[in-house]
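Let's take a walk through a small report on one protein model. Have a look at the picture first, then read on.

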Amino acid sequence: MRNSDSGREPRTPEESFVCARCGAVAESLPVTWTCSVENGRRIYFCDTCARENIRSIEGRLDSSWW
Ligand SMILES: [Zn+2]
């Protein structure tokens, strides 16, 4: 029998989210931020940049939708 009470996994608590446009940093993902996937990568936009970027996102969706 093995008693492993020292098996703590070193998690990275400093997982921060960075806005891909203006470089704003948030410790936890705010609900106002937008998550987008480009080329298999997850990128985030803050609420301000998401508002300006939503046009290109929608434009891209629109072109590939049909
Ligand atoms: Zn931003």
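## The overall layout

Follow the chain along its sequence and you meet the pattern β-β-β-β-α. In other words, the protein has four strands and one helix. Keep in mind that this is a predicted model.

How much of the protein is tucked away? Of its 66 residues, 20% count as buried. As for how the chain folds back on itself, take the contacts between residues at least 6 apart in sequence: 27% of these join residues at least 24 apart.

## The zinc site

Now find the zinc ion. Its protein donors are Cys19, Cys22, Cys46 and Cys49, each using its SG atom and lying 2.3 Å from the metal. The angles among the four donor atoms run from 101 to 117 degrees, and the site is tetrahedral. That label fits because four donors count as tetrahedral if all angles lie between 85 and 135 degrees.

Along the sequence, the donor residues follow the spacing C-x2-C-x23-C-x2-C. Cys19 and Cys46 are 27 residues apart, so to speak a link between distant parts of the chain. Cys19 sits in the loop between strand 1 (17–18) and strand 2 (25–26), while Cys46 sits in the loop between strand 4 (41–45) and helix 1 (47–65).

## Cysteines, inside and out

Are the zinc-binding cysteines Cys19, Cys46 and Cys49 buried or exposed? Cys19 is buried, because its relative accessibility is 3% and the cut-off for buried is under 20%. Cys46 comes out at 6%, so it counts as buried too. Cys49 has a relative accessible area of 7% and is therefore buried.

Cys35 is another story: with a relative accessible area of 38%, this residue is partly exposed. And how many disulfides are there? A search of the whole structure finds zero.

## Strands 3 and 4

Next, look at strand 3 (residues 34–38) and strand 4. These two run antiparallel and are joined by five bridges. You can pick out some of the facing residues yourself: Thr34 stands opposite Phe45 in strand 4, and Glu38 has Arg41 of strand 4 as its bridge partner. When you look at side chains here, it helps to know that in a regular strand they alternate between the two faces of the sheet.

The hairpin made by strand 3 and strand 4 has two residues between the strands. Asn39 lies in that loop. What is notable about its backbone? The phi of Asn39 is near 60 degrees, a positive value in a residue other than glycine. Asn39 is also exposed, because its relative accessibility is 81% and the cut-off for exposed is over 50%.

## The nonpolar core

Which residues make up the largest nonpolar core? There are ten of them: Phe17, Cys19, Ala26, Trp33, Ile43, Tyr44, Phe45, Cys46, Cys49 and Ala50. Strand 4 and helix 1 are the elements that give two or more residues to this core. Strand 4 gives the most, with three residues.

Some of these names should ring a bell. Cys19, Cys46 and Cys49 are core members and are also among the donors of the zinc ion. Ala50, another core member, touches Thr34 and Phe45, leaving aside residues up to four places away in sequence. Thr34 and Phe45 are the two that stand opposite each other across strands 3 and 4.

## Two more residues to find

Leu29 is in the loop between strand 2 and strand 3. With 38% relative accessibility, Leu29 counts as partly exposed. Leaving aside residues up to four places away in sequence, Leu29 touches Phe17 and Tyr44, and both of those belong to the largest nonpolar core. Leu29 and Tyr44 are 15 residues apart along the chain, and their C-alpha atoms are separated by 8.8 Å.

Finally, find Arg51 in helix 1. Is Arg51 buried or exposed? Arg51 is exposed, with a relative accessible area of 62%. Its C-alpha atom is 9.6 Å from that of Trp33, and the two residues are 18 apart along the chain.

Technical notes: Residues are numbered from 1 along each chain as its sequence is written. This is a predicted model: local features need pLDDT of at least 70, side-chain atom pairs count only at pLDDT 80 or more; totals for chains, interfaces and linings use all residues. Side-chain values use heavy atoms; hydrogens and water are left out. Donors are N, O and S atoms within 2.8 Å of the metal (3.2 Å for Na, K and Ca); water is not among the atoms, so sites may look incomplete. Four donors count as tetrahedral if all angles lie between 85 and 135 degrees; four count as square planar and six as octahedral if opposite donors are over 155 degrees apart and all others between 65 and 115; anything else is irregular. Buried means under 20% relative accessible area, exposed over 50%, partly exposed in between (1.4 Å probe, protein chains only). Two strands pair if DSSP finds at least two bridges between them. A disulfide is a pair of cysteine sulfur atoms within 2.5 Å. A nonpolar core is a set of buried Ala, Val, Leu, Ile, Met, Phe, Trp, Tyr and Cys residues joined through side-chain atoms within 4.5 Å. Contact means heavy atoms within 4.5 Å.
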